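Student: I have a protein model to read and I am new to this. Can we go through it in questions and answers?

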Amino acid sequence: MPVTPFAPNPGDKFPVAEFPRIGFLKNIVRSSLIDVGDYSYYDDPHGPERFEEKCVLYHYDFIGDRLVIGRYCAIATGVQFIMNGANHALGGFSTFPFSIFPGGWRDGSDPVAYTSGYRGNTVVGNDVWIGMDATILPGITVGNGAIVGMKSVVSKDVPPYAVVAGNPARVVRMRFPADTIDRLQAIAWWDWPVDKVTRNIAAITGADLHALEHAQ
């Protein structure tokens, strides 16, 4: 009798017993301003438990910006998401954040001017690989299937299935032709039930688009 294939438990913190450096982030993050999809993991030799402290910087509740990470993302050691709390307003003569200090400096500041430096939520799509020590700046969207090279500084949105690298990060190449990318976006295998994903690992990791489109 054939054995039914099984998937890792999405509720596990440490899904690979022999490698406790890998953690499913959905079960590790505590902030209500961070949303992580199933099976997205952070890999750190010192343990993934300090992801928020080490990797999500200047993320303040009073600002309210969100970090949204999709499903099946691989985030390497030392990746940093710089959130909007790091931004300073650029519309006036000084960028000094007078408004964060109590007393006359705060009272004399224009809160609208201060918030003009905010860039919105940071969104990472599905099946994204972010290399070691990469930095994602505030308000960036990284598209599905993209790859961010190690030590890159991402200051602009990353198209789906692009490979970006450098400082500032630029598109090095597209992983597939435009029509293939459109078809992959339409398939959206990351939204499949996990049992369907498990049955079709070979198609998902392979290069036969027809097989992926006709997966059952």
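Student: Which residues of helix 4 (residues 178–187) are buried?

Tutor: First, the ground rules. This is a predicted model: local features need pLDDT of at least 70, side-chain atom pairs count only at pLDDT 80 or more, and totals for chains, interfaces and linings use all residues. Residues are numbered from 1 along each chain as its sequence is written, and side-chain values use heavy atoms, with hydrogens and water left out. Buried means under 20% relative accessible area, exposed over 50%, and partly exposed in between, with a 1.4 Å probe and protein chains only. Helices (H or I, at least four residues) and strands (E, at least two) are DSSP runs, numbered from the N terminus. In helix 4, the buried residues are Thr-180, Ile-181, Leu-184 and Ile-187.

Student: Around the axis of helix 4, how wide an arc do they cover?

Tutor: The arc is taken from the directions from the helix axis to the C-beta atoms. The buried residues sit on the same side of helix 4, because their arc is only 120°.

Student: Which exposed residues does the face turned away from the buried side of helix 4 carry?

Tutor: Look at the face of helix 4 turned away from its buried side. The exposed residues there are Ala-178, Asp-182 and Ala-186.

Student: What covers the buried residues of helix 4?

Tutor: Contact means heavy atoms within 4.5 Å. The cover includes strand 15 and helix 7 (209–213).

Student: What phi does Ala-188 take?

Tutor: Most residues other than glycine have a negative phi. Ala-188 comes just after helix 4. Its phi is positive, about 45°.

Student: Tyr-72 has a positive phi too. Is Tyr-72 buried or exposed?

Tutor: Tyr-72 is found in the loop between strand 5 (67–69) and strand 6 (74–75). Its phi is near 55°. Its relative accessibility is 19%, so Tyr-72 counts as buried.

Student: How many aromatic pairs are there?

Tutor: Rings of Phe, Tyr and Trp (its six-membered ring) pair if their centres lie within 6.5 Å; planes under 30 degrees apart count as stacked, over 60 as edge-to-face and the rest as tilted. By this rule the count is 13.

Student: What kind of pair do Phe-24 and Tyr-39 make?

Tutor: Their ring centres are 5.6 Å apart and their planes are at 85°. Phe-24 is in strand 1 (residues 22–24), and Tyr-39 is in the loop between strand 2 (34–36) and strand 3 (41–43), 15 residues apart. Both Phe-24 and Tyr-39 are buried. By its angle, the pair is edge-to-face.

Student: And what kind of pair do Tyr-72 and Trp-189 make?

Tutor: The ring centres of Tyr-72 and Trp-189 are 4.9 Å apart, with planes at 55°. Trp-189 lies in the loop between helix 4 and helix 5 (194–199), so the pair ties together parts that are 117 residues apart in sequence. Trp-189 is buried, as is Tyr-72. The pair is tilted.

Student: Which residues form one aromatic cluster with Trp-190?

Tutor: Both pairs just discussed belong to this cluster. Its other members are Phe-24, Tyr-39, Tyr-72 and Trp-189.

Student: Where is Pro-168 found?

Tutor: Most peptide bonds are trans. The bond from Asn-167 to Pro-168 is cis, with omega near 0°. Pro-168 is in the loop between strand 14 (162–165) and strand 15 (170–174).
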